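User: I'd like to go through some of the labels used for this model and hear the reasoning behind them. Can you take me through it?

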Amino acid sequence: MSMTGRPTAIAVIPLAAALVLTAPSLVLAEEPARIPFGAILQDPDNLDLTVAYARQEIDAGNLPGASAALERLLILYPAENTVRLLYAVTLFRLDQVAEAEREFAAVDPGQLSGEDLRVFEELTERTRRRLRTLTGNLGLTVGLQYDSNRDNFPLGGTFQVEIPGLGPSVIDSDEDGEDDFGVFGIIDGRIDYKPPSQTVQRLSLEFTALAVEQFDLDEFDVVSGFISGSAFIDATVVDLEPRVVYRQIQLGDDRYLRAGEGGVRIQRAIGNNNRLIAFADLAGGFDDFAPVEADEFADEKTGPFFAASAGVIWTPTERLGVLARYNFTERFAEEDFEAFTTHGVSVTAQYLLTNSTALRASLGYAHSDFGGPDPFVSTTTTQDDDAFSARLGMLVRADALLEGAGIEDPVEATKNLSLNLGFGYRRVFSNLDNFEFQNFRFEASLTKRFFF
């Protein structure tokens, strides 16, 4: 049991999510110096110069400019296979999927090798899937995780209790937080349907199931899952994505949480190249908690909640993507001391080191004010928390590792197989010693994804 005055809410396992890395080498090639557009006008027949200019413009986000330059070049050099591949990739990125399919069909794969051939095969398949009415994918993940303080034991080994007749008393414990390893497995999937409508562009169904087996702390074994349905609606001025979600979590051998929510995302691209997207999320729902060994008073947290967030998605180059957001949560509960209001900010950045290797880093801060004093801890002091979190992760595609080792044609089992490594840190400062803790986490996992 967590020695935090009373057993507190346990943060359920954060999951490693697979990244899809499909950016081709043709697109991601970098040039040491910027090529002005005037140089292309002065030498329009220069094949190498125009290709270098197109790569530069793609990386800078000017996909229409790159497309126009490559289209002119193909009029002069229609048999240039790699130029046609780069043009097809550019059209795909412009979401001109039918046009991209025609260009991919004109590429001779027999003239491609290595990374270019892999890019051709992947994007050809993705283009075909995009043109189908019904598409989907299924992911299987297995991994190992380690937590330095799995039970969120308070720093300093002290906690406060309210003793009748004596008032608040600080107790020093001779125990420490318990570290633990765990193995986990994840099954997740998504199905998209494109209806014959210009307004409702997509209907989606998503699901995830997770199982975690702790080596020592059996009360923190997790079985959980969620399922959601959503639609993507082009409302002309903005895009709308309404969503409904149901999730359930089991801790140890008992049901811990059942929750349902509904919400909508409102987003709009700023500018003409979709490099900056502003969004706002609104959601509301109800959480039904039940007592478990790791949280014996969990039912006191049962109640409705409302959440809102706003932020931007910025993609300054083909290699770098940044997500920044502000979050607000208002949670009600059966007991005031379990209700809280939270304001938070977070920034996540992802950078492609190579075509098949990516780094992801995130930082977050949240401040929570609770609704009233917990009489088990103090009849006069209301909990007030500041939480800081950081995470660094890396993803490497297995086929890239094999190609780097000199294996030109990796086996089918390595296709869409990725290695995920993650390191995280969480530190909570609180005006009550019971709730002040820190935890280091390490995760390593393999994810295999299937597409249809």
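User: Which residues in α4 meet which residues in α5?

Analyst: Bear in mind that this is a predicted model. On the α4 side you have Leu 63, Ala 66, Ser 67, Leu 70, Glu 71, Leu 73 and Leu 74. They meet Val 83, Arg 84, Leu 86, Tyr 87, Thr 90, Leu 91 and Arg 93 in α5. Sorted by class, that contact has 9 nonpolar, 2 polar and 3 charged residues.

User: Why are α4 and α5 called roughly antiparallel?

Analyst: Look at the angle: helix α4 (residues 63-76) and α5 pack at about 150°. Angles over 145 degrees count as roughly antiparallel, so α4 and α5 get that label. Their axes are 9 Å apart, and α4 passes α5 in a left-handed crossing.

User: What makes α3 roughly parallel to α5?

Analyst: Same kind of check. Helix α3 (residues 47-59) and helix α5 (residues 81-93) pack at an angle of about 20°, and their axes are 12 Å apart. The cut-off for roughly parallel is under 35 degrees, so α3 qualifies with respect to α5. The crossing of α3 and α5 is left-handed.

User: And which residues make the contact of α3 and α5?

Analyst: From α3 it's Leu 47, Val 51, Ala 54, Arg 55 and Ile 58; from α5 it's Val 83, Leu 86 and Thr 90. By class, that contact has 6 nonpolar, 1 polar and 1 charged residues.

User: Why does Gly 61 count as buried?

Analyst: Gly 61 sits in the loop between α3 and α4. Its relative accessibility is 0%, and buried means under 20%, so Gly 61 counts as buried.

User: Which residue 254 positions along the chain from Gly 61 has its C-alpha atom 8.3 Å away?

Analyst: That's Thr 315: 254 residues separate Thr 315 and Gly 61 along the chain, yet their C-alpha atoms are 8.3 Å apart.

User: How much of the contacts with a separation of 6 or more comes from residues 24 or more positions apart?

Analyst: In the protein chain, such residues account for 62% of those contacts.

User: What about the chain as a whole?

Analyst: The chain has 8 helices and 16 strands. Of its 452 residues, 44% count as buried. The C-alpha trace spans about 90 × 50 × 40 Å along its principal axes. The chain exposes about 21,900 Å², with carbon and sulfur atoms supplying 59% of that area.

How values were computed. Residues numbered from 1 in each chain as written. Predicted model: local features only at pLDDT ≥ 70, side-chain atom pairs only at ≥ 80, totals over all residues. Heavy atoms only, no water. Axes fitted to C-alpha atoms, helices over the stretch in contact; angles between N-to-C directions. Helix = DSSP H or I, 4+ residues; strand = E, 2+ residues; numbered from the N terminus. Parallel < 35°, antiparallel > 145°, perpendicular 65-115°, else oblique. Left-handed = near helix turned anticlockwise from the far one by under 90°. Contact = heavy atoms within 4.5 Å. Nonpolar A, V, L, I, M, F, W, Y, C, P; charged D, E, K, R; others polar. Buried < 20%, exposed > 50% of the residue type's maximum accessible area, 1.4 Å probe, protein only. Areas by Shrake-Rupley, 256 points an atom, 1.4 Å probe, with all protein chains shown as cover.
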